[in-house]
Amino acid sequence: MKFLISMHINPAVLESLTEEEKAAIGEGHGRFIQGLKESGELINTLALVDPSQAAVVSVRNGQPAVTDGPFLESKEFLGGFYLIDCESKDRALELAAQIPDTAIEGLGVEVRQVMFADGNLDA
Amino acid sequence: MTAPAVEDLLRELTPRVLGALVRRHGQFEDCEDAVQEAVLAATVQWPADGVPDNPYGWLVTVASRRLIDHLRSDHARRERESATATEVVPEELPDTDDTLVLLFLCCHPALTPSSQTALTLRAVGGLTTAEIARAFLVPEATMAVRISRAKQRIRAAGSSFTLPSGPEREERLRVVLHVLYLIFNEGYTASSGSELHRADLAHEAIRLTRMVHAQLRDDDEVTGLLALMLLGHARREARTTAAGDLVPLDEQDRTRWDRDLIDEGTALVKAALAGPALGPYQLQAAIAATHADADSAADTDWAQVHALYLILERIAPNPMVTLNRAIALAETEGPTAGLALLATLDGDARMAGHHRLLSVRAHLLEKTGDPAGAYEHYRRAAKATASLAEQRYLQGRAARLRPRPGGP
């Protein structure tokens with residue numbers, strides 16, 4: 001079963017962390033990725049740039065309009081995701097709990113099963 | 001010989017070649033790698049140069065040489081294995097078919113079901129890692145790690161290359177059948193994604209189950225599982241529209257069901273049910289055969305379907321069985337009776353929010369003349385499913401019942 005574990009980041013919470021705490025998160029993700037590769041459960045992972053770098057595109061009357069900034073008025077933004085393939089939803093939740101972000105007050109990750117996938121996964 | 005014919009031959013020979021190597025050398029992991037290399041070499045050479053007179057012997061020889069090469073390159077570290085392995089290129093080949101032993105080894109209890117599945121497809125099915133990865137929609141690197149870990153685990157578990165005996169054999173056979181069933185199901189109804197069928201996997205599961213059945217004709221559950229697969233596979237053409245939309249059983253064009261498969265499946269069910277033991281696969285196959293026997297959904301012997309589910313519920317209690325019995329009960333005693341039985345599942349954590357429970361309830365509510373309730377449940381079921389085809393179907397059912405603005 002395939003699941004997307006998405007990391008919803010609150011930039012204000014991230015900024016409030018100490019350098020050591022930030023380094024620990026980075027190391028935690030490194031270990032997590034290594035573990036997923038060794039178990040054969042990792043399909044892909046992506047991290048996204050800061051939401052301040054996002055652009056919103058909309059087309060009105062055939063004319064594209066591009067505006068700065070994230071689309072949603074939200075404190076949390078998608079920071080990145082893990083795409084995994086594992087035995088069950090319970091296992092997906094167990095894996096998600098190993099992501100360092102989950103141990104930080106104000107941060108969490110969301111787990112949802114994948115319904116459709118296409119594209120070259122080996123690229 | 002054409003490439004597809006070579007492919008079929010290789011699929012058939014791979015487990016026998018691997019069995020011969022493992023029996024001779026042990027070391028499942030190294031043997032498996034060597035056999036894969038030999039099979040790859042054959043895939044390239046045979047269509048071009050022709051199939052050798054003794055393809056089995058050719059593969060064993062090539063695989064043995066590869067194995068020796070690997071072991072030699074490991075010589076410093078593993079001198080002992082290398083010393084024994086250099087004696088080997090086989091002069092005479094044992095005439096035993098170790099496919100079953102191999103299958104039991106791949107379904108080792110130390111492995112997770114998905115690893116058992118992957119290893120079975122590779123070692124017994126003769127699929128390449130890339131093919132297995134494609135079938136399960138994961139990157140090849142991911143599948144390669146999974147297969148390699150599975151082989152390491154088997155080595156670590158220290159299993160010998162023999163058929164287990166007594167209760168252990170019986171238990172392991174249940175795992176083997178479950179793995180074959182999982183492979184079939186993945187091909188029959190992909191667990192997620194836009195395509196309902198992944199026919200290759202269903203074909204492969206049937207081929208492997210035929211192989212097991214050929215060796216264990218007296219096991220009624222093996223017979224039952226094969227029958228269940230054949231009867232399910234017989235419906236494949238009728239299960240979707242040209243556009244890929246799902247067609248429920250009661251609306252399927254039964255003239256499009258594959259008669260040959262139904263006849264074969266039905267004969268197997270009869271043979272299995274005549275035996276002394278009654279198991280879940282036989283019962284499910286008997287239910288499928290009852291459906292196959294009817295010219296239309298209305299002609300179905302629902303009383304028999306219900307009775308079979310009742311037995312199944314007793315010998316292998318499972319909320320999904322109760323759910324299916326509710327459908328049969330609704331046909332014999334009316335939708336209200338079906339709904340009452342469904343209500344007994346409401347406290348079951350395994351079924352909470354399950355799309356099947358929601359959709360069956362929607363269906364029965366529709367029959368009782370409660371379109372608003374049915375609409376609501378179809379919508380919730382559509383949200384709960386992980387299959388796009390099923391979602392489209394459920395959304396379609398809901399759309400037919402959508403309350404009109406200002407209407408009653």
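Which residue of chain A forms a salt bridge with Arg146(B)? In this predicted model, the partner is Asp85(A). The closest N and O atoms of the pair are 2.9 Å apart. That distance falls within the 4 Å cut-off for a salt bridge, so the pair counts as one. The count of salt bridges between chain A and chain B is one.

The rest of the interface can be described around this pair. Seven residue pairs are in polar contact across the interface of chain A and chain B, with both residues at pLDDT 80 or more. On the side of chain A that touches chain B, two or more residues come from each of α2 (19-39) and β2 (42-47) of chain A. Helix α2(A) gives the most to this side, with three residues. By residue type, the side of chain A that touches chain B has six nonpolar, three polar and seven charged residues. Overall, 16 residues of chain A meet 22 residues of chain B. The two chains bury about 1500 Å² between them. Carbon and sulfur atoms give 52% of that area.

Chain A itself mixes helices and strands. Its secondary structure comes to three helices and six strands. Along the sequence, these elements follow the pattern β-α-α-β-β-β-β-α-β. The pattern therefore begins with a strand and ends with a strand. Along its principal axes, the C-alpha trace of chain A spans about 50 × 40 × 25 Å.

Chain B is divided into three domains. Domain 1 covers residues 4-80, domain 2 covers residues 301-343, and domain 3 covers residues 353-407. How far apart are the centres of domain 2 and domain 3 of chain B? Taken over C-alpha atoms, the separation is 20 Å. Twelve residues from domain 2 of chain B and nine residues from domain 3 of chain B make up the contact. Together, these two domains bury about 920 Å². Of this area, 76% lies on carbon and sulfur atoms.

Charged and polar pairs also join domain 2 and domain 3 of chain B. One salt bridge is counted between them. Glu331(B) and Lys367(B) form a salt bridge, and their closest N and O atoms are 3.1 Å apart. Two residue pairs between the domains are in polar contact, both residues being at pLDDT 80 or more. The side of domain 2 that touches domain 3 draws at least two residues from each of α15 (319-333) and α16 (335-343) of chain B. The residues of that side are eight nonpolar, three polar and one charged.

Two spans of chain B carry annotations from UniProt. In an unreviewed entry, the record places "domain: RNA polymerase sigma-70 region" at residues 10-74 of chain B. This span is 88% helix and 0% strand. The end C-alpha atoms of residues 10-74 lie 28 Å apart. The second annotation, also from an unreviewed entry, is "domain: RNA polymerase sigma factor 70 region 4 type". UniProt lists it for residues 104-154 of chain B. Helix makes up 73% of residues 104-154, and strand makes up 0%. The end C-alpha atoms of that span are 11 Å apart.

Over all chains, the structure holds 27 salt bridges. One of the salt bridges lies inside a single helix of chain B. Arg174(B) pairs with Glu170(B), with the closest N and O atoms 2.3 Å apart. Both residues belong to helix α9 (residues 166-188) of chain B. Arg174(B) and Glu170(B) are four residues apart, about one turn of the helix.

Definitions and conventions:
Residues numbered from 1 in each chain as written. Chains lettered and ligands numbered in written order. Predicted model: local features only at pLDDT ≥ 70, side-chain atom pairs only at ≥ 80, totals over all residues. Heavy atoms only, no water. Domains from an automatic or database assignment. Contact = heavy atoms within 4.5 Å. Buried area = accessible area lost by both parts, 1.4 Å probe. Salt bridge = Lys/Arg side-chain N within 4 Å of Asp/Glu carboxyl O. Polar contact = N/O pair within 3.5 Å; in protein donor to acceptor, adjacent residues only side chain to side chain. Nonpolar A, V, L, I, M, F, W, Y, C, P; charged D, E, K, R; others polar. UniProt positions renumbered as here; feature names shortened; annotations may be inferred.
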